[in-house]
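User: I'd like to go through the labels on this one and see what each rests on. Can you walk me through the reasoning?

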Amino acid sequence: MQSSFSLSCSQATTVPRSNYTFDSLPFAPSKPINLRFCGLRREALGFSSLSRSHFRRGLQLHTPTRSKRISASLVDNGSPPKSFDYDLIIIGAGVGGHGAALHAVEKGLKTAIIEGDVVGGTCVNRGCVPSKALLAVSGRMRELQSEHHMKALGLQVSAAGYDRQGVADHANNLASKIRNNLTNSLKALGVDILTGVGTILGPQKVKYGKAGFPDNIVTAKDIIIATGSVPFVPKGVEVDGKTVITSDHALKLEFVPDWIVIVGSGYIGLEFSDVYTALGSEVTFVEALDQLMPGFDPEIGKLAQRVLINPRKIDYHTGVFASKITPAKDGKPVTIELIDAKTKEQKDTLEVDAALIATGRAPFTNGLGLENINVVTQRGFVPVDERMRVIDADGNLVPHLYCIGDANGKMMLAHAASAQGISVVEQITGRDHVLNHLSIPAACFTHPEISMVGLTEPQAREKGETEAFEVSVAKTSFKANTKALAENEGEGLAKLIYRPDTGEILGVHIFGLHAADLIHEASNAIALGTRIQDIKFAVHAHPTLSEVLDELFKSAKLKTAPSMYKLVTEVFNLWGRLKLMFQAR
């Protein structure tokens, strides 16, 4: 499928590690690439507080299930060392590795992090951080260019323009600032930053070094792999970094083409279409599936297409593969050959100024030395269990070895990588945690934004049929929200998918102003197991956009007895009063 589901935001370095080249597939993966976004810690913005309570709320406590045998998975790799240089070594200093390192320090672990490129990984240097700088510019440009919007607010502005290099510098400067803050936070907390490419030699033993220099060998009681991912480029696509580019190149904004084809209509493609059209480009999407934005809830996707695609200088081809893309050369344009995704028959040939390949991410795992511990990757991903423990080729757990983030493929979101890293640190320090991935939110930073958590409506209904429970849907419009109307931004929808018998929240999807910020009330509710009958009593400030979620939860029609909520509330209130009485004595 030629669609991408995020601006990559985790721990990749610049040299592809992936063992999987998708050679078995002619043009793209057969299954959607997982979602993935940025999840920077407060330390990235220059704050040093190490409070972790808000992260722990995203982790669910479970009774350990030790279903797999633990094996040393050795061939001829010797025995684990009896003493260690570190308690924890993390391979990869992206958002996931950084989050794990900071939590490890808080837990009192002597920690080192190995990075072969620069601290911050893809997210900070080539992903969601610089992309948000570009999207901030596109948002301002859209406001200033909308005569109707300005007139409705009683404003008059002259024609808006931009300086391309100034926009590019804004993105680059932001990435540099966040990268420096991340590096300084690690150093300030005593984390050793070991520069070089990390390779696992055997149990609890890693080597690292740069080309042309002697390798160094270090040992640790536990090791976390956090090497991230790189852009996936399908067969037949020739990337020159100038006219045929990936998101890595596009974020440099070296030029703004008059006409650009974006291959893939997922998150990367959508965000860049927002940037390019705001800066004056015409955009053509090439999507392998029969509809645009295949990763979204269908209803949200249709509304987003009506607002983000149809009114803008965007056209599209669906149900086709870009079988061959040739860069511009010798005065000739970029040529793109399209074939039918099902019949493979030739459909069309496009000649454009540039092409952006937005077809997802591939894990960065080649060269890790996994063969030394009998681990075989699956499509390049490191196999892990629900606790991020690495599984070897025989199905046994490799002791003291974990893998987080894009490299394991569970959920390709940078904040998911960070949460996984924190979960691992909790485990190795004696407290079992299993991360509930259905509680992890995701967002697309278009104008307006899109956000989601949990299941889509089709996924929920399929689950309901399988497990024999009813699924209901509630919706509310931004047009009924005072704050949205005050901003003249009433276009938007919030959608709740839930079980009417229990009040369980199955999924929430939002399209509208600041949707990326609004989703967290829903994601936290799912993480904490909060039911609709409880959260609908929460109070929201008026007038705020948060009232969109307030109205959404209140509009849900439940079949549970309201008296049960009152009974539980009274019991807890009574328990609280009794506790205070005993404490007073």
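Analyst: Sure. First a cut-off: a residue is called buried when its relative accessible area is under 20%, exposed when it is over 50%, and partly exposed in between. Bear in mind that this is a predicted model.

User: Why is Glu-426 called buried?

Analyst: Glu-426 comes out at 0% relative accessibility. Buried means under 20%, so Glu-426 counts as buried.

User: And what makes Arg-431 partly exposed?

Analyst: Arg-431 has 40% relative accessibility. Partly exposed is the range between the 20% and 50% cut-offs, so that is the label Arg-431 gets.

User: Why is the contact between Arg-431 and Glu-426 called a salt bridge?

Analyst: The closest N and O atoms of Arg-431 and Glu-426 are 3.5 Å apart. The cut-off is within 4 Å, from a side-chain nitrogen of Lys or Arg to a carboxyl oxygen of Asp or Glu, so the pair qualifies.

User: What makes Asp-297 and Lys-495 a salt bridge, and where do they sit in the chain?

Analyst: Their N to O distance is 2.8 Å, and the limit is within 4 Å, so the label holds. The pair links distant parts of the chain, 198 residues apart: Asp-297 is in the loop between strand E11 and helix H9, and Lys-495 is in strand E24.

User: How do you know whether Asp-297 and Lys-495 are buried or exposed?

Analyst: Asp-297 has a relative accessible area of 1%, and Lys-495 has a relative accessible area of 1%. Buried means under 20%, so Asp-297 is buried and so is Lys-495.

User: What about the Asp-432 and Arg-387 pair: why is it said to tie parts together?

Analyst: These side chains meet in a salt bridge at 2.7 Å, N to O. Asp-432 lies in the loop between helix H10 and strand E20, while Arg-387 lies in the loop between strands E17 and E18, so the salt bridge ties together parts 45 residues apart in sequence. Asp-432 and Arg-387 are both buried.

User: Why is H2 described as largely enclosed?

Analyst: Eleven of its twelve residues are buried, so the rest of the structure largely encloses H2. Among them are His-98, Leu-102 and His-103.

User: What makes Asp-258 exposed?

Analyst: Asp-258 has a relative accessible area of 59%. Exposed means over 50%, so the label fits. Asp-258 also helps form a negative surface patch with Glu-282, Asp-315 and Asp-353.

How values were computed:
Residues numbered from 1 in each chain as written. Predicted model: local features only at pLDDT ≥ 70, side-chain atom pairs only at ≥ 80, totals over all residues. Heavy atoms only, no water. Patch = residues over 30% accessible without salt bridge, like charges linked within 9 Å, V, L, I, M, F, W, Y side chains within 5 Å. Areas by Shrake-Rupley, 256 points an atom, 1.4 Å probe, with all protein chains shown as cover. Lys, Arg positive; Asp, Glu negative; His and termini not counted. Charge placed at Lys NZ, Arg CZ, Asp CG, Glu CD. Buried < 20%, exposed > 50% of the residue type's maximum accessible area, 1.4 Å probe, protein only. Helix = DSSP H or I, 4+ residues; strand = E, 2+ residues; numbered from the N terminus.
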